[in-house]
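Visitor: Please choose one part of this model for a close look, and then take me through the parts that go with it. I would like the terms explained as we meet them.

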Amino acid sequence: MNIRMPAEWEKQDGVLLAWPHQDSDWEQHLDVVEPVFQRLATEISRFERVLIVAPDTERVRTQLARTDADLTRIRLYAIPTNDTWSRDFGAITVRRDGAPVLLDFGFNGWGLKFAAHYDNQVNQALAKAGAFGPCSLEIPGLILEGGSLESDGRGTLLTTAECLLNPNRNPHLSRPEIETRLRALLGFDRFLWLENGYL
């Protein structure tokens with residue numbers, strides 16, 4: 001079986017945004033951050049689909065109606081979230097024998113630093129709502145953040161030891177064991193570990 005995680009710059013059909021809200025870390029700054037998200041959704045909708053999860057979709061719909069967003073490309077889903085960094089908890093797409101498969105890794109709020117109970121339910125809720133179409137959604141049983149993975153689309157993973165090897169993520173797995181799991185799940189055969197700092 002041929003498994004490959006696409007590179008950042010490859011063609012995609014959509015972007016997932018988690019809208020900021022009063023119960024998120026943006027509570028005190030909604031007046032500043034919501035216009036940024038409006039602009040993001042507007043610009044992305046010029047080129048591809050935008051899936052937006054938010055606890056209050058009517059609020060988002062009202063805001064987007066005042067922009068020049070392509071509303072035919074925007075889908076709103078009433079799903080609660082803890083945070084807005086959907087790259088860390090959103091599904092990760094791989095291609096198996098050319099067909100897309102979505103992987104729903106566990107997200108534990110950056111090593112149990114923050115609540116993530118809603119974020120961990122987003123992918124399942126989107127799948128149930130039909131947001132992913134015919135793509136299957138699988139749960140690999142590994143804790144990671146999507147933002148800790150950088151792929152060149154040709155089998156190379158750039159990641160940080162701080163994230164994947166931290167005892168507050170997968171304490172029972174060694175570096176070789178995590179590499180074996182990521183090789184099987186994402187198709188990587190070269191691993192570049194950054195030992196200091198953050199990606």
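Guide: What follows starts at a pocket, moves to the sheet that shares strands with it, and ends with some single residues and a second sheet.

This is a predicted model, in which local features need pLDDT of at least 70 and side-chain atom pairs count only at pLDDT 80 or more, while totals for chains, interfaces and linings use all residues. Residues are numbered from 1 along each chain as its sequence is written, and side-chain values use heavy atoms, with hydrogens and water left out.

The largest pocket holds about 1,300 Å³ of space. A pocket here is an open set of points on a 1 Å grid over the protein atoms alone, where a 1.4 Å probe fits and protein lies on both sides within 12 Å along at least five of seven lines, and a lining residue has an atom within 4 Å of a point; points are joined across faces, edges and corners, and the volume is the space filled by probe spheres set on them. The lining of the largest pocket counts 38 residues, and Q12, G14, V15, A91 and T93 are the closest to the centre of the pocket. Strand β2, which spans 14–18, makes the greatest contribution to this lining, with five residues. At least two lining residues also come from each of α1 (30–45), β3 (49–54), α3 (86–89), β5 (92–96) and β6. These helices (H or I, at least four residues) and strands (E, at least two) are DSSP runs, numbered from the N terminus.

Two of these contributors, β5 and β6, are also members of an open sheet of four strands, where the order is β1-β5-β6-β7 and the pairing is mixed. Its edge strands are β1 (3–4) and β7 (137–138), each of which pairs on one side only; two strands pair if DSSP finds at least two bridges between them. Strand β6, residues 99–103, runs parallel to β7 and is joined to it by two bridges, and L103 is the residue that stands opposite E138 in β7.

The loop between β5 and β6 contains D97. Although D97 is not a glycine, its phi is positive, at about 50°. D97 counts as exposed because its relative accessible area is 55%, the limits being under 20% for buried, over 50% for exposed and partly exposed in between, with a 1.4 Å probe and protein chains only. A second positive phi, of about 65°, belongs to L112, again not a glycine. Helix α4, residues 109–112, is where L112 is found, and with a relative accessible area of 67% L112 is exposed as well.

R59 sits in helix α2, residues 57–65, and is partly exposed because its relative accessible area is 40%. Leaving aside residues up to four places away in sequence, R59 touches L30 and E34, a contact meaning heavy atoms within 4.5 Å. R59 is also 9.8 Å from H21, C-alpha to C-alpha, although 38 residues separate the two in sequence.

Another open sheet has three strands in the order β8-β9-β10, also with mixed pairing. Here the edges are β8 (150–151) and β10 (190–194), each pairing on one side only. Strand β9, residues 156–160, runs parallel to β10, and five bridges join the two; within this pairing, T159 has W193 in β10 as its bridge partner.
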